[in-house]
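I opened my notebook to record what I looked up in this structure, going from the whole chain to its parts.

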Amino acid sequence: MSADTLAAYPPGIPNVLPGEVITAELVDFFHRPAAVPNGHVRGAADPAVTTLRVVDTTAGA
């Protein structure tokens, strides 16, 4: 589960909100704008989107 709001620029509309499941397809999607000169992913832990902050849903279980 995502701990952050993630928005690919352009266009900048949030693609993932906190609590949503991050899938392999979403990770691939975020890598594309991060790889182009004027693109980035707002809210990502690093510019290349190699690290994402997540919620540990097993804590306390």
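I began with burial: buried residues make up 25% of the 61 residues in the protein, where buried means under 20% relative accessible area with a 1.4 Å probe, protein chains only. I noted that this is a predicted model, in which local features need pLDDT of at least 70 and side-chain atom pairs count only at pLDDT 80 or more, while totals for chains, interfaces and linings use all residues. Residues are numbered from 1 along each chain as its sequence is written, and side-chain values use heavy atoms, with hydrogens and water left out.

Next I looked up the elements, and found one helix and three strands, which run β-β-α-β from the N terminus on; helices (H or I, at least four residues) and strands (E, at least two) are DSSP runs, numbered from the N terminus.

How are the three strands ordered in the sheet? I read the order β2-β1-β3 in an open sheet with antiparallel pairing, and two strands pair if DSSP finds at least two bridges between them. The edge strands are β2 (14–16) and β3 (40–42), each of which pairs on one side only.

I then followed one pairing: strand β1 (residues 6–9) and β2 pair in the antiparallel sense over two bridges, and the bridge partner of Leu-6 in β2 is Val-16.

Last, I turned to the overall extent, where the C-alpha trace of the protein spans about 45 × 20 × 20 Å along its principal axes.

Note on methods. Buried < 20%, exposed > 50% of the residue type's maximum accessible area, 1.4 Å probe, protein only.
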